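Please walk me through this structure with attention to the empty spaces inside it, the annotated positions and a few residues worth looking at one by one.

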Amino acid sequence: VAAMQPSTDWHLKENAREHHTSKFSSDELIVRRGQAFTVTFNGTEQPEENLIFIAETGPKPSKAAKTLATFGISSTASTKGWSAVLQSSSSSSMSISISSPHNAVIGRYKLSVQTTASGSSSTANLGTFVLLFNPWSSGDDVFMPSKAECEEYVLEEFGIIFAGNKNHISGFGWNFGQFQEDILNICLAIMDRSLYYRQDPATDVSHRNDPKYLGRVLSAMVNANDDQGVVLGNWSGTYEDGKNPTSWTGSGEILQSWKKSGFKPVRYGQCWVFAAVLTTVLRCLGIPTRTITNFSSAHDADGNLRVDEFYDSSGNHLEKGADSIWNFHVWNESWFTRSDLGPSYSGWQILDATPQEESGGIYQCGPASRSAIKEGEVDLEYDCPFVFAEVNADCMYWNLDLATGKKTLIFSKSTEIGAFISTKAVGRDDRVDVTKDYKYEEGSRQERDIFKKARKKLGLEDKFDPTAPTPKEIEQKPDISGKFKVAGSLEVGKDLNLLLVLENLQSDAKTVHVNMTAWSTLYTRRPIREIWKDSMSVTLSPKEEKQFPINIKYNEYQQQITTDKTIQVTAICHVEHGIQVLVQRNIALDNPGIDVQVLGEAKVNKEVDVEVAFTNPIDTEVMNCVLQVEGSDLLTGILELRIPPLKANEKSSTKFKLIPSEAGTKHLLVNFSCDKFADIKTFKVINVIN
């Protein structure tokens with residue numbers, strides 16, 4: 001029997017409202033699992049008992065893999081499988097309420113109806129719909145009891161990512177844009193391009209009901225390593241053949257370029273870009289997700305819960321060994337249950353898409369249960385030792401004699417790593433500190449006990465480590481102490497004024513020979529170019545404290561500085577007849593400001609003018625000025641405006657128009673760049689009214 005082609009009404013508006021999917025821009029039905037949706041179709045003249053519905057997903061739908069369901073009409077919705085309940089029917093059409101199970105596979109489904117009449121059956125395709133995770137539903141693995149948290153971690157398209165360093169935390173806005181046109185399709189395409197899918201498509205699709213599986217797969221797919229994933233990392237300091245990682249303001253442009261290029265990795269990303277793109281993908285699929293910034297973050301490459309930094313006798317930070325301490329590192333937390341570990345490990349799970357170390361042969365990381373990290377349960381899946389080290393590793397600072405290869409411990413510190421762990425507040429543009437959710441108070445007995453427990457579980461307690469310092473080295477006490485103090489403002493375009501403060505801790509005079517360097521670095525503290533060096537000999541009377549001013553002029557560092565705007569200043573102090581003392585400080589400079597004004601009231605579908613003003617703060621001309629603007633519900637895509645060069649201290653003012661498409665609190669992201677200042681970022685909150 002030739003199948004008649006019924007016409008289907010998917011009740012897009014009503015279903016989307018019920019399922020919290022109204023923000024998607026799509027003509028396709030998008031619903032969440034474990035919740036009923038209504039569909040009306042006509043053209044079946046059959047009594048209801050003769051109808052069988054078929055919902056199927058993936059390349060080889062099968063009942064065993066839970067990627068195929070067949071169900072007739074029943075009087076009530078099933079709590080276990082798929083079901084259909086008749087809402088109303090007339091001679092020509094029928095309205096059905098369809099429910100999916102709480103643990104259904106997510107993705108794009110085909111829905112068809114099979115009719116049987118006088119012994120022969122025919123099947124008619126009703127169309128496709130997309131099924132997502134449902135954090136509003138108590139049966140779902142991603143259920144989040146707080147509605148405000150669901151709004152923030154699934155529906156909010158604006159985020160703030162924290163950066164800088166622990167002495168100087170800054171934040172910048174990001175447009176996650178998970179509801180922008182085509183982003184959902186791109187997220188579905190990402191899943192279908194993973195190594196797991198390529199090896200065994202049917203099995204991969206059957207695991208897509210599990211947020212811990214998808215979180216892990218997507219942490220691998222967001223970086224380009226192994227699988228031609230979305231973003232290619234670059235930590236070299238040169239980005240000519242791509243976009244500088246600091247220049248992005250949202251994930252939409254990155255995901256769209258990946259698709260447009262025929263799925264070639266987008267150049268370039270660094271940690272916050274990987275974390276932001278993963279946030280977009282997971283929020284889009286319905287898994288509550290946020291970005292987390294860890295300051296003084298350890299990259300412990302060899303798994304000994306220790307990071308070693310090496311300096312030569314001039315005070316140059318040497319790139320030696322695979323360990324490093326980053327000024328900050330950004331990863332993700334996603335919210336779901338851990339049926340594999342038990343209820344006490346459910347809740348926030350750490351995922352990290354930055355390709356730092358392989359896990360199971362692939363650059364992927366997590367999900368690591370946050371409570372497992374806090375309790376030192378480093379033997380639990382997945383990748384807990386690496387994450388534990390990021391927030392807890394001990395630091396060892398060594399002097400390396402380049403001629404002989406001999407290394408001498410300068411000092412060790414157990415309270416350096418994992419500070420001011422930060423995320424954006426729910427419903428507000430503020431920073432929230434979550435350090436206490438990752439570890440017990442620094443220096444407390446509990447915190448040291450957990451560290452010992454983790455070392456023990458990793459087998460580090462019992463095994464001799466020839467690279468570790470001796471107890472005698474660790475216990476040695478220096479004769480002097482030192483620190484760098486900032487005197488004045490830390491702004492690109494201004495001179496950098498510091499004080500080196502040295503104090504004699506002993507009751508006899510000390511002669512100290514000091515070698516100082518300043519290098520421009522990346523945010524990973526990788527040294528890029530030398531800016532300045534100097535040396536001096538000083539004598540400190542008993543218990544004396546002395547201050548030595550250091551002035552590094554703008555024209556000395558301007559050519560050398562990276563777009564991360566970070567400088568590491570080091571003084572290595574050789575004390576006569578005493579042990580060496582290392583004084584170092586990482587400095588994050590701020591860009592000058594830009595001012596954004598909305599001229600008039602912002603109303604839905606009405607033009608409103610915005611003005612952006614920038615004053616060139618330096619005494620030379622700045623050129624190649626570009627203004628980039630984006631913001632969900634305020635404009636489509638990215639607006640790019642070229643601005644004429646600005647003479648010394650000249651002010652520019654640029655106007656453009658927005659047409660907001662939706663009411664509510666919206667964020668406009670503005671990024672201004674020129675040859676002397678890279679990526680001056682700000683955001684403006686705009687309240688749009690109907």
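**Pockets, cavities and buried residues**

Among the elements that line the largest pocket, strand β37 gives the most, with 3 residues. The model is a predicted one, in which local features need pLDDT of at least 70 and side-chain atom pairs count only at pLDDT 80 or more, while totals for chains, interfaces and linings use all residues. Residues are numbered from 1 along each chain as its sequence is written, and side-chain values use heavy atoms, with hydrogens and water left out.

Rolling a probe the size of a water molecule over the atoms shows where empty space is left. Here the search runs on a 1 Å grid over the protein atoms alone: a cavity is a set of points where a 1.4 Å probe fits but cannot get out, a pocket is an open set with protein on both sides within 12 Å along at least five of seven lines, and lining residues have an atom within 4 Å of a point. Grid points are joined across faces, edges and corners, and a volume is the space filled by probe spheres set on the points. Helices (H or I, at least four residues) and strands (E, at least two) are DSSP runs, numbered from the N terminus.

The largest pocket holds about 820 Å³ of space. Its lining consists of 32 residues, and N244, T563, C674, A678 and D679 are those that lie nearest its centre. Strands β34 (625-630), β35 (639-643) and β37 (664-673) each supply at least two residues of this lining. By class, the lining has 9 nonpolar, 14 polar and 9 charged residues, where Ala, Val, Leu, Ile, Met, Phe, Trp, Tyr, Cys and Pro count as nonpolar, Asp, Glu, Lys and Arg as charged, and the others, Gly among them, as polar.

D679 also leads to T246, since a polar contact of 2.6 Å joins the side chains of these two residues; a polar contact is a pair of N or O atoms within 3.5 Å, of which, within protein, one must be able to donate a hydrogen and the other to accept it, and residues adjacent in sequence count only if both atoms are side-chain atoms. T246 is found in the loop between β13 (231-233) and α7 (251-260), and counts as buried because its relative accessibility is 11%, buried being under 20% relative accessible area, exposed over 50% and partly exposed in between (1.4 Å probe, protein chains only). Leaving aside neighbours within four places in sequence, T246 is in contact (heavy atoms within 4.5 Å) with W272, T563, D564, D679 and K681.

Strand β37 also holds L668, which counts as buried at 0% relative accessibility. Among the contacts of L668, again without neighbours within four places in sequence, are V596, V610, V629, F656, L658, F683 and I686.

Where does UniProt place the feature "active site"? The unreviewed entry puts it at C271, H329 and D352, with positions given in the numbering used here, feature names shortened, and annotations that may be inferred rather than shown by experiment. Although C271, H329 and D352 are spread over 82 residues of sequence, they cluster in space, the largest C-alpha distance being 9.9 Å.

H329 is found in strand β18 (residues 324-336), whereas D352 is found in the loop between β19 (347-351) and β20 (368-369). Is H329 buried or exposed? At 0% relative accessibility, H329 counts as buried, and D352 is buried as well, with a relative accessible area of 2%. A polar contact of 2.8 Å joins the side chains of D352 and H329. Beyond four places in sequence, the contacts of H329 include C271, D352 and E390, and D352 likewise touches H329 and E390, as well as S219, V330, W331, Q364 and C365.

The search of the whole structure also finds 2 cavities of 30 Å³ or more. The largest cavity has a volume of about 80 Å³, and β11 gives the most to its lining, with 3 residues. Helix α2 (147-155) and strands β11 (158-165), β15 (289-299) and β23 (419-424) each supply at least two residues of that lining, which by class has 4 nonpolar, 3 polar and 4 charged residues. In the second largest cavity lies about 40 Å³ of space, and α9 (370-374), α10 (384-392) and α12 (445-457) each supply at least two residues of its lining.
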